[in-house]
Amino acid sequence: YLQLPADLTKMHLTDNPHPQVTHVPSSQSGCSIASDSGSSSLSDIYQATESEMGDVDLTGLPEAPVDSEDEEEEEDEDIDRTSDPLLGRDVVRECLEKEPADKTDDDIEQLLEFMHQLPAFANMTMSVRRELCSVMIFEVVEQAGATILEDGQELDSWYVILNGTVEISYPDGKSESLCMGNSFGITPSLDKQYMNGVVRTKVDDCQFVCIAQQDYWRILNHVEKNTHKVEEEGEIVMVKEHRELDRSGTRKGHIVIKATPERLIMHLIEEHSIVDPTYIEDFLLTYRTFLTSPLEVGNKLLEWFKVDSLRDKVTRVVLLWVNNHFNDFEGDPAMTRFLEEFEKNLENTKMKGHLRLLNIACAAKAKWRQITLQKPSRDSPLFFSLLGGSDKGFGIFVETVEMGSKAAEAGLKRGDQV
C-alpha cells in the first residue's frame, strides 16, 4: 500500500488539507471553504431578495456561519495557540509518550492532525492513519552516530522519523539519508524480514514513532473493508472510503478519496454521501491542481444541462462557482462566454428564478473597474450596445459586445453596468 498500483498513480487524493505534502493535490471534505474572491454564502443573496424570489426552491443550498464576538475571541485564542509550533509539538509529544492503552480519543485526534502532514502517511486513508496513531510508540535516540539497526538484523517494526536525520549505509557502499516524515523498516507482511544495510543517526535528538509488525500488517491489510473501488474497462477510476462521523452510526457513508479527473468532474452531479456534503465546494476550490482549464468543467456542465433531470444539479454547481470563485469568470474571456451561454440556456428553459439568482450573484461579486476606449473618429462604431436608462426604469447596462473587437479587448463585457 506504500506504492500505489500503476492505474492509481494518475488519481488525486482529496482528504489531505496540508500544503506541505506538495506532491498530493488535496482538499478536505467537511471543512469550511474560504474563497479567492471574498466568498459569502448564497444565503446572503437569497435573503436580500426573498420578497421577489418566492418561486425558487432553495433547499439544500449552504448557509454561512455567523460568528458572534465571543466566538471570534475564542477563535483568535485558538489561532494563537496553534500558531506556536513549539507549543503544538509539546502537545503532540505528550500524546506520543502515553502508552497505547492510555491514549484517549482526543490524543489520537491530536496525533492524526500532526501525522497526516508527513509523507509516510500521505497515501493512507483516514481510518488507517487513525488506527496507526492508536498503536504507535514513541522513541528517542539522543546521540548522533548511534546504530539503530544492524545489517541483517531481523525487523519487527515500521519506523517514521519525527525529528532529525538517519543514514542507511548499504552493503554495496551506497548510502541514503532520510529526514522528517520518511519511513524505514518492515513492509506490511507477517513474513520474517531482515534489514539491508546499517541505520545510524546523523544528528542528536532523533525522534521516531514505531509500529509493531503485527499491528502494521493487521491495519494495512484490513483496509479493504473500508474502501470501495469503482472500475471502468478494467481500470480503477475512483476509490471511496467508508467513514462514520459519530459513534451512534447514524452519520456514515462513503467519501471520495481518490479518482481520475474525469470521475471527479462526473461526481459533481452524482448523489453525495451524508459524510461528504461539501464535495462541490471542495472540488471548485481545488480543481486547479489537476485540471489544465476550467472549461473542462464548464463544457461538461453545458452538456449535462441539456438533460432535464440534471438541470437543477448543474445550476446549483454554477451558482456556487460564481458565488465562491467569481475571479474564475471575471479574468477569463472563455469562462465569461461560458457564463453568457449558460445564462441563455436558463432563459430558453424559462428557469427565471435561477436566472435571477445568477444575475444577483454576478452583480454582488463584480468589482468596479475603469475601461478606456479610443475611437479613430467620431463616426467609428463602438462595437457594443447598451440597454436601459431612465425611460426604462433601470440603470444602463452593456447588452452585447462584438467578439474580437477593440471593446472586447479592452475588457468590456455583457452585463457590465455603466
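**Close-up views of a predicted model**

**View 1. Cysteines without a disulfide partner.** In this predicted model, the number of disulfides comes to 0 when a pair of cysteine sulfur atoms has to lie within 2.5 Å to be counted. C95 takes part in no disulfide, and the cysteine sulfur nearest to that of C95, which belongs to C133, is 9.9 Å away. C95 has a relative accessible area of 4%, and because residues under 20% are classed as buried, C95 is buried. C362, with a relative accessible area of 18%, is likewise under that cut-off and therefore counts as buried.

**View 2. An open antiparallel sheet of 4 strands.** The strands of this sheet follow the order 2-7-4-5, and their pairing is antiparallel. Strand 2 (147-149) and strand 5 (175-178) occupy the edges, where each has a single partner strand, so that one side of each is left without a neighbour in the sheet. On average, and with direction ignored, neighbouring strands of the sheet are turned by 30 degrees against each other.

**View 3. The pairing of strand 4 with strand 5.** Strand 4 (residues 166-169) runs antiparallel to strand 5, and the two are joined by 4 bridges. Within this pairing, E167 has S177 of strand 5 as its bridge partner.

**View 4. A nonpolar patch on the surface.** L386, I396 and V418 together form this patch, which offers about 280 Å² of accessible area. I396 is part of strand 13, which spans residues 394-401. With a relative accessible area of 36%, I396 is partly exposed, because this value lies between the limits of 20% for buried and 50% for exposed residues.

How values were computed: Residues numbered from 1 in each chain as written. Predicted model: local features only at pLDDT ≥ 70, side-chain atom pairs only at ≥ 80, totals over all residues. Heavy atoms only, no water. Patch = residues over 30% accessible without salt bridge, like charges linked within 9 Å, V, L, I, M, F, W, Y side chains within 5 Å. Areas by Shrake-Rupley, 256 points an atom, 1.4 Å probe, with all protein chains shown as cover. Salt bridge = Lys/Arg side-chain N within 4 Å of Asp/Glu carboxyl O. Buried < 20%, exposed > 50% of the residue type's maximum accessible area, 1.4 Å probe, protein only. Pairing = 2+ DSSP bridges. Axes fitted to C-alpha atoms, helices over the stretch in contact; angles between N-to-C directions.
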